[in-house]
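Visitor: Please take a close look at one part for me: the cavities. Keep it brisk.

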Amino acid sequence: MSETLWDQLIYIVILLLKIVAVVVPLILTVAYYTYMERKVIGYMQLRRGPNRIGPAGLFQPFADVLKLLLKEIVLPANANKFLFVLAPVLSLAPAFAAWVVIPFNDWMVIADIDAGLLYLLAMSSIGVYGLIIAGWASNSKYAFLGSIRSCAQMVSYEIAMGFALVGVLILSGSLNLTEIVLAQQGGLLDWFWLPLLPLFVVYIISGLAETNRAPFDVAEGESEIVAGFHVEYAGAAFAVFFLAEYANMILISALTAILFAGGWLSPFEGLWLVGDTFLGQGSIFWFLLKTVFFMYLFLWWRATYPRYRYDQIMRLGWKVFVPITMGWVLVAAVFSVFGLVVRGS
Amino acid sequence: MPITEIVFYVFSLVMVSAGVAVITVRNPVYSALFLVLAFFSSAAIWLLLEAEFLAIVLILVYVGAVMVLFLFVVMMLDINLTPLKEGFIRYLPVGIVVAVLMAAELLLVIWSKGSFDQGAFPIPPPNPVGFSNTKALGELLFTNYLLAFEAAGVILLVAIIAAIALTLRKRVGEKRQNPAMQVRVQRDERVRLVKMDPEPRQGN
């Protein structure tokens, strides 16, 4: 009995270490993602971005975090205290919990579960609770409007996103993320972005809408409702919302890399000359590179497009994306049945 | 006591208390949130049964979509609690009938097995390694139960169309935009450049 208890304890400790090994780099990435965002958008607008703290402003994220943590958390007078404090936690927890099924390479994954993709969908759909509760508990009209907007938007775009994933499921024949990546073996042209191009585009745009990022950031539209659902939050509570938003963006980028861009696989697989070198091998290096590329796209779009009007967001989600994805799911089924796209070739 | 049993009792306790809280709590928003908690706990219990597909779909559909819309409506409505309380006595007989019926149905199942020991309801054997719940469910749905599955789909479709048809009404004086026209608009239709000579200087 003591033997098994000891084994269980060791198992739990190893599991916790694995979680720490994912979460700590994730938080650091969030910190430097905010730096990257300000630098990238800065240079796109012919400015330098943060450049005062540390060489080239490299310590700016730490200064920001410190400032946020030292600020007072203000509880609005008529707010629902318990839910007001609970809301940021509810938005952060699913954003982190989703990372357990992400495969960084063929063995680096915390939980290699069979229904991984469904789990991810479930986690991303839970994320909306933090926003709704924050808006309601703040007892503020602006916050409530923001939360209603984001809630309707996320529920709508989840449908298009789910259908885009159905296409991936049909071609890969599995809900397990590791197997989905392995089904894309064979180099750049064998990844799912090519046979599922419309779904790929819909997925990444829905991802933007799902994370409430520009040009779909009406949830916090500064020009109309000040800052939306987190208008009443200050200090560390606001920092937690911020952390959740950026963790979600990184998650969507990582997912796009896994589902449509071959995960850890190398684009040069099987080519002569480079196919046998390090560049031709699949490794975590490729996965991170692809993720950072999609993260960069988020920033690029923010700097490029003006904010959508709310009715147009809804129209795009329901009347454009849902029909496109439904149609292309049929096309993907035809690909699969007639063997036009072969798994893992 | 093996760890699975402890987990089962913890989640059952949370689920039952959350279920009681749903109907006793005064604030309807809290009620909805307790229902979410109940769904979560039952999903966890399903996971213990190795029914991971059902567990995740419960969270995905009920927690992620249905309850969000519920919460949405409950938050928007400014519900006055006093008339709700007055209805309690009025609806009590109906409530008792429903409760008795449900209890009777549960008892009937137990009675058909003879007793409530573990012998009558044995623990299902653990699934073999590599068994995919999702695949097994899909194969059953699309072979043995295809007709029922398709019928359910058609009924849902009819429900969607009916809901839209019932709520769709023509309103007078509403303004509509045609996004295709808005996208196709050319500069010349909106902007007119006027050539103007400078005005002569006024005054002094």
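**The cavities and their linings**

Guide: The largest cavity has 14 lining residues, and A:Met123, A:Ser124, A:Glu210, A:Asn248 and A:Leu251 are the ones nearest its centre. A cavity here is a set of points on a 1 Å grid over the protein atoms alone, where a 1.4 Å probe fits but cannot get out; lining residues have an atom within 4 Å of a point. The model is predicted: local features need pLDDT of at least 70, side-chain atom pairs need 80 or more, and totals for chains, interfaces and linings use all residues. Residues are numbered from 1 along each chain as written, chains are lettered from A and ligands numbered from 1 in written order, and side-chain values use heavy atoms, without hydrogens or water.

Helices H3 (81-97), H4 (116-126) and H10 (235-260) of chain A each give two or more residues to the lining of the largest cavity. Helices are DSSP runs (H or I, at least four residues). The space inside is about 120 Å³. By class, this lining has 8 nonpolar, 5 polar and 1 charged residues.

The whole structure holds 2 cavities of 30 Å³ or more. The second largest has a volume of about 80 Å³. Its lining includes A:Leu117, A:Leu120, A:Leu121, A:Met161, A:Leu165, A:Tyr203 and A:Ile252. A:Ser124 and A:Leu251 line both cavities. For the second largest cavity, the elements giving two or more residues are H4, H6 (141-172) and H10 of chain A. H4 and H10 thus serve both linings. The second lining has 10 nonpolar residues, 1 polar and no charged.

Technical notes. 1 Å grid on protein atoms, 1.4 Å probe; cavity = no way out; pocket = protein on both sides within 12 Å on 5 of 7 lines; lining within 4 Å. Points joined across faces, edges and corners; volume = space filled by probe spheres on them. Nonpolar A, V, L, I, M, F, W, Y, C, P; charged D, E, K, R; others polar.
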